[in-house]
Amino acid sequence: MSQPPQYPPQQPGWGGQPQQPGWPGQQSAWGAPPPPPPRRKNYAGWIVAGVLGAVAVIAVFGAVNNGIAPEDDKGSSTSSDVRETPTPQRDVPLEEEAPAPESDIKVSAKKTGFTASILADGTNYTSVKVTVTNNSDEPISVNPLYFAITDTGGTKHASELGVDSGQIDTVDLAPGENVSGTVTGKGRFTPKYVTYTDGLIGDSVRANVS
């Protein structure tokens with residue numbers, strides 16, 4: 001008996017893919033495009049603006065903390081902080097004192113040796129020979145007590161009465177007259193000048209001891 005011819009088994013059609021049922025009804029899946037995705041809101045611009053604002057605020061605070069003030073503040077702060085520099089005062093020359101009017105009573109003095117009188121207690125004395133001249137229009141009084149001797153150390157020595165035999169006399173000098181004699185101080189010292197005072201409370205005249 002002859003056998004019917006054998007055919008190889010049929011493979012699934014179209015490249016091994018099984019046919020999907022309902023191909024005639026694929027119009028809804030392949031024919032209409034899918035709906036577009038929803039649009040996203042653009043927040044990028046807002047984010048960038050916020051970041052720039054924060055940076056600007058930080059920069060302003062940093063400038064203030066570093067002592068950099070705005071222009072208006074600079075003007076007010078510098079005007080209050082400026083200190084006036086005192087103008088150095090120039091030395092003003094002092095007016096020279098007018099020299100005292102020259103006295104009409106002239107006194108001169110020079111060193112001399114001590115000559116003890118009977119009233120002297122030893123020889124511990126220093127004498128100066130003085131001359132007084134009255135060039136005024138009025139009489140003046142001369143007395144050993146009206147004299148004082150100042151030594152080179154600045155010590156003033158009062159006149160010792162009657163201890164030197166050549167002591168100056170107690171007299172009144174008329175205009176144009178003069179008198180000479182010794183003025184003596186207690187102790188041994190180097191005389192620097194002699195001061196004569198007319199009547200103890202009158203004008204004083206000084207004479208350096210030569």
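Here are four short exercises, with worked solutions, on the predicted model above.

**Exercise 1. Which residue ranges have pLDDT under 50, and what is the mean pLDDT of the chain?**

Let's start with the chain as a whole: its mean pLDDT is 75, and 52% of its residues reach 70 or more. Next, look for the weak stretches. Over residues 12-19 pLDDT stays under 50, and the model has 2 contacts beyond four places in sequence for them. Residues 21-30 also stay under 50, with 3 such contacts in the model. A word of caution fits here: where pLDDT is low, predicted coordinates should not be read in detail.

**Exercise 2. What is the strand order of the open sheet of 3 strands, and which are its edge strands?**

Step one is the order, which runs S1-S2-S7 with antiparallel pairing. Step two is to find the strands that pair on one side only: these are S1 (105-112) and S7 (178-186), the edge strands. Step three is the geometry, where neighbouring strands are turned by 25° against each other on average, direction ignored. Finally, zoom in on one pair. Strand S2, residues 125-134, joins S7 in the antiparallel sense over 9 bridges. Within this pairing, Val-128 has Val-183 in S7 as its bridge partner.

**Exercise 3. Is Ser-127 buried or exposed, and with which side chains does its own side chain make polar contacts?**

First, place the residue: Ser-127 sits in strand S2. Then compare its accessibility with the cut-off for burial, which is under 20%. Ser-127 has 3% relative accessibility, so it counts as buried. Now turn to its polar partners. The Ser-127 side chain makes one polar contact with the side chain of Asp-164, at 2.7 Å, and another with the side chain of Thr-184, at 2.8 Å. To complete the surroundings, set aside neighbours within four places in sequence; Ser-127 is then in contact with Thr-112, Gly-113, Phe-114, Val-183 and the two polar partners, Asp-164 and Thr-184.

**Exercise 4. How many residues does the largest nonpolar core have, and which strands each supply at least two of them?**

Begin with the count: the largest nonpolar core has 21 residues. Those with the most contacts inside this core are Val-130, Val-132, Val-142, Phe-147, Ile-168, Val-194 and Tyr-196. Next, trace the core to its strands. S1, S2, S3 (140-142), S4 (147-151), S7, S8 (191-197) and S9 (204-208) each supply at least two residues. To close, take Val-130 as an example: beyond four places in sequence, its contacts include Phe-147, Ile-168 and Val-194, along with Ser-108, Ala-109 and Val-179.

Key. Residues are numbered from 1 along each chain as its sequence is written. This is a predicted model: local features need pLDDT of at least 70, side-chain atom pairs count only at pLDDT 80 or more; totals for chains, interfaces and linings use all residues. Side-chain values use heavy atoms; hydrogens and water are left out. Two strands pair if DSSP finds at least two bridges between them. Helices (H or I, at least four residues) and strands (E, at least two) are DSSP runs, numbered from the N terminus. Axes are lines fitted to C-alpha atoms, for helices over the stretch in contact, and angles run from 0 to 180 degrees between N-to-C directions. Buried means under 20% relative accessible area, exposed over 50%, partly exposed in between (1.4 Å probe, protein chains only). A polar contact is a pair of N or O atoms within 3.5 Å; within protein, one must be able to donate a hydrogen and the other to accept it, and residues adjacent in sequence count only if both atoms are side-chain atoms. Contact means heavy atoms within 4.5 Å. pLDDT is the predictor's confidence in each residue, from 0 to 100. A nonpolar core is a set of buried Ala, Val, Leu, Ile, Met, Phe, Trp, Tyr and Cys residues joined through side-chain atoms within 4.5 Å.
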